[in-house]
Amino acid sequence: MIGQGFMDLALAEAKKAAERGEVPVGAVLVLDGEVIARDGNRTRELNDVTAHAEILVIRQASQGLSRERLTGADLYVTLEPCTMCATAISFARLRRLYFAAEDEKGGAVTSGVRFFSQPTCHHAPDVYPGLAATDATALLRKFFAARRD
């Protein structure tokens with residue numbers, strides 16, 4: 001499986017999150033070409049503001065591999081990470097970040113604070129924005145439109 005296939009898995013996790021009433025964001029963490037963790041947002045389900053998809057997959061992978069650093073791992077996520085998630089990505093030492101939709105309001109990678117460009121950032125992954133952006137954006141718009149009706 002290659003990049004688009006991993007992002008398709010992340011989109012599937014985002015759809016599951018939407019079905020649970022969560023903001024539809026999904027993430028997949030890959031190491032050596034194998035999926036080591038996948039999940040979607042669970043902030044409402046767990047009553048935990050830190051239960052973003054990115055944080056959940058980093059936790060799963062770290063526990064499964066019994067290590068705090070995930071050097072060499074790649075993250076696929078359907079929405080540009082926020083500052084909290086960008087920080088976790090940096091601290092976990094992820095190799096690459098692929099994200100679909102930009103988040104002009106809450107994103108912190110190519111939008112907002114641009115965390116990885118800050119001098120206080122200890123590690124910056126290679127960043128690849130826009131993979132499956134159309135699909136992710138449509139899913140988010142559909143989710144929020146249904147909430148406004």
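Buried, in these legends, means under 20% relative accessible area and exposed means over 50%, with partly exposed in between. The views are taken from a predicted model.

**View 1. A salt bridge between R95 and D74 joins distant parts of the chain.** R95 and D74 form a salt bridge in which the closest N and O atoms are 2.8 Å apart. The two partners are 21 residues apart, with R95 in the loop between α4 (83–92) and β4 (96–101) and D74 in strand β3 (residues 73–79). R95 has a relative accessibility of 36% and therefore counts as partly exposed, whereas D74, at 5%, counts as buried. Side chains of opposite charge can pair when their charged atoms come close.

**View 2. E13 and K16 form a salt bridge within helix α1.** Helix α1 spans residues 3–19, and E13 and K16 lie in it 3 residues apart, which is about one turn of the helix. The closest N and O atoms of this salt bridge are 3.3 Å apart. E13 counts as buried because its relative accessibility is 5%, while K16, with a relative accessibility of 39%, counts as partly exposed.

**View 3. The surroundings of E13, a buried residue of helix α1.** Leaving aside residues up to four places away in sequence, E13 touches G26, A27, R38, D39 and G40. With one of these residues, R38, the contact is also polar, since a polar contact of 2.9 Å joins the side chains of E13 and R38. The relative accessible area of E13 is 5%.

**View 4. A network of salt bridges links R20, D39, R42 and E45.** Within this group of residues, D39 forms a salt bridge with R42, and the closest N and O atoms of that pair are 2.8 Å apart. D39 has a relative accessibility of 7% and so counts as buried. For the model as a whole, the count comes to 9 salt bridges.

**View 5. Helix α5 has buried residues and, on its other side, exposed ones.** Helix α5 consists of 16 residues, 133–148, and reaches 22 Å from its first C-alpha to its last, which is close to the 22 Å expected at 1.5 Å a residue. Buried residues in α5 are A136, L139, L140 and F143. Because these residues cover an arc of only 95° around the axis, they are placed on the same side of α5. On the other side of the helix, T134, R141, K142 and R148 are exposed. The buried residues of α5 pack against α1, β3 and β4.

**View 6. The contacts of A18, a residue of helix α1.** When residues up to four places away in sequence are not counted, A18 touches P24, F143 and R147. One of these, F143, is among the buried residues of α5, and α1, the helix that holds A18, is among the elements against which the buried residues of α5 pack. As a further point of orientation, A18 and K105 are 87 residues apart in sequence, and their C-alpha atoms are 20 Å apart in space.

Technical notes:
Residues are numbered from 1 along each chain as its sequence is written. This is a predicted model: local features need pLDDT of at least 70, side-chain atom pairs count only at pLDDT 80 or more; totals for chains, interfaces and linings use all residues. Side-chain values use heavy atoms; hydrogens and water are left out. A salt bridge is a side-chain nitrogen of Lys or Arg within 4 Å of a carboxyl oxygen of Asp or Glu. Helices (H or I, at least four residues) and strands (E, at least two) are DSSP runs, numbered from the N terminus. Buried means under 20% relative accessible area, exposed over 50%, partly exposed in between (1.4 Å probe, protein chains only). The expected span of a helix is 1.5 Å times one less than its number of residues. The arc is that of the directions from the helix axis to the C-beta atoms. Contact means heavy atoms within 4.5 Å. A polar contact is a pair of N or O atoms within 3.5 Å; within protein, one must be able to donate a hydrogen and the other to accept it, and residues adjacent in sequence count only if both atoms are side-chain atoms.
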